[in-house]
Amino acid sequence: MRAEQSSTAQQGTTRVAKLFDLSQRVAIVTGGAGLLGYHHGAILAAAGANVVLLDLPGANPEHRAEHLTREYGPESLGIRADITRESSLENARSQIREKFGRVDILINNAANNPKVEDGNTSWSRLEHFPLEVWEADIRVGLTGAFLCSRVFGAEMAARKSGVILNVASDLALIAPDQRLYRVDSLPEDQQPVKPVTYSVVKTGLIGLTRYLATYWSSSNIRVNAISPGGVFNDQSHIFLSRLKDLIPMGRMANRDEYQGAILFLCSDASSYMTGANLVIDGGRTCL
Ligand SMILES: NC(=O)c1ccc[n+]([C@@H]2O[C@H](COP(=O)([O-])OP(=O)(O)OC[C@H]3O[C@@H](n4cnc5c(N)ncnc54)[C@H](O)[C@@H]3O)[C@@H](O)[C@H]2O)c1
């Protein structure tokens, strides 16, 4: 009886390990040298993947990738690339092919994230919102995700296997609460607001997710989105206390608290999931 139990327990442990195992898989994280991208890459590396951190030169993705390799073991690669330029992505694809031979997972994580919670950003108001900022935000957040999906997804489609994960936001589901950003000393027409592009980009990514999920379903590519809530990053006391009141769990996320969901969505643990949006927001959008 005891021997039977231990063999069932053993099989269970093996099954769990297998569901989340990413060894022999190659995963790209765009914006991989940023605040969250590195942590997304870290959990994939911890599960055995070769991780490619793709980011702009100024973000120094090579340095972050060396750190991943040192910390987790499987070889990681940092590539300087601009996701808004298809030629830059094709170049990145050649480097990845040369190093690892394939791509299994793509996380579209890069975005422009202008910080308006620090005040002094009256340009963020719709009436003054610069057209060039609109175009630049859409170019990175939406066009970049489209181009990466096309360049790397086509390769996955040819092999009939792959996972794409788009990083949206709780603001893909709800409008920003502009009271969070108020600066009491400023007149109404200079109050900072969360830029319109953030809502547009994040909502658009959910549309891209559904489109690609059905488009590539017969090619065995699963495409999902994750909608994270805000991450604590030394925001002002006033901002934190206002936001806390909007979140049932009463706090922002820590930067490693999306790792479980990232691993789930990129591994075989989510093998029957596509076209979905996983919301992880401390309960904010259920109010
Ligand atoms: N931090 C949060 O509170 C939060 C909350 C919800 C959703 N998100 C989303 O999570 C993702 C990561 O957020 P973060 O806080 O790590 O942001 P971040 O600004 O720290 O990182 C974004 C990265 O994208 C890179 N990038 C920008 N333009 C690029 C381009 N053209 N080509 C390649 N790389 C480019 C930047 O260099 C940067 O390293 C974003 O999509 C963000 O909108 C963040």
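**Exercise 1. Find how many cavities of 30 Å³ or more the whole structure holds, and describe the largest one.**

*Solution.* Start with the count: a search of this predicted model turns up 2 cavities of 30 Å³ or more. Next comes volume, and the largest cavity encloses about 60 Å³ of space. Now look at its walls. The lining is made of 13 residues, and Asn108, Asn109, Ala110, Gly141 and Ala145 lie nearest the centre. Helix H5 (131-159) and helix H6 (196-215) are the elements that give two or more residues to this lining, and H5 gives the most, with 4. Finally, sort the lining by class: 7 residues are nonpolar, 5 polar and 1 charged.

**Exercise 2. Work out which residues line the second largest cavity.**

*Solution.* This cavity has a volume of about 40 Å³. Around it you will find Ala111, Asn112, Asp137, Thr197, Tyr198, Val201 and Lys202. H6 supplies the largest share, 4 residues. By class, the lining divides into 3 nonpolar, 2 polar and 2 charged residues.

**Exercise 3. Locate the largest nonpolar core and say which element gives it the largest share.**

*Solution.* A general idea helps first: in soluble globular proteins, nonpolar side chains tend to be buried together. Here, the largest nonpolar core has 33 residues, and those with the most contacts inside it are Ile28, Val52, Leu54, Leu89, Ile96 and Phe152. Several elements each supply at least two residues, among them strand E1 (26-30), strand E2 (50-55) and helix H4 (86-100). The largest share, 9 residues, comes from H5. To see one member up close, pick Leu54: leaving aside neighbours within four places in sequence, its contacts include Ile28, Ile79, Leu89 and Phe152. A second, separate core has 30 residues, including Ala27, Ala65, Ile107 and Cys266.

**Exercise 4. Decide whether the ring pair Tyr181 and Phe239 is stacked, tilted or edge-to-face.**

*Solution.* The structure holds 4 aromatic pairs. For Tyr181 and Phe239, the ring centres are 5.8 Å apart and the planes meet at 35°, so this pair is tilted. Now place the partners: Tyr181 is in the loop between strand E5 (162-167) and H6, while Phe239 is in helix H7 (residues 237-244), 58 residues apart. Tyr181 counts as buried because its relative accessibility is 7%, and Phe239 is buried too, at 6%.

**Exercise 5. Describe the pair formed by Tyr211 and Tyr215.**

*Solution.* With 5.9 Å centre to centre and 15° between the planes, Tyr211 and Tyr215 are stacked. They sit 4 residues apart in helix H6, so about one helical turn separates them. Both are exposed. Ring pairs also join Tyr211, Tyr215 and Trp216 into a cluster.

Methods
Residues are numbered from 1 along each chain as its sequence is written. This is a predicted model: local features need pLDDT of at least 70, side-chain atom pairs count only at pLDDT 80 or more; totals for chains, interfaces and linings use all residues. Side-chain values use heavy atoms; hydrogens and water are left out. On a 1 Å grid over the protein atoms alone, a cavity is a set of points where a 1.4 Å probe fits but cannot get out, and a pocket is an open set with protein on both sides within 12 Å along at least five of seven lines; lining residues have an atom within 4 Å of a point. Grid points are joined across faces, edges and corners, and a volume is the space filled by probe spheres set on the points. Ala, Val, Leu, Ile, Met, Phe, Trp, Tyr, Cys and Pro count as nonpolar, Asp, Glu, Lys and Arg as charged, and the others, Gly among them, as polar. A nonpolar core is a set of buried Ala, Val, Leu, Ile, Met, Phe, Trp, Tyr and Cys residues joined through side-chain atoms within 4.5 Å. Buried means under 20% relative accessible area, exposed over 50%, partly exposed in between (1.4 Å probe, protein chains only). Contact means heavy atoms within 4.5 Å. Rings of Phe, Tyr and Trp (its six-membered ring) pair if their centres lie within 6.5 Å; planes under 30 degrees apart count as stacked, over 60 as edge-to-face and the rest as tilted.
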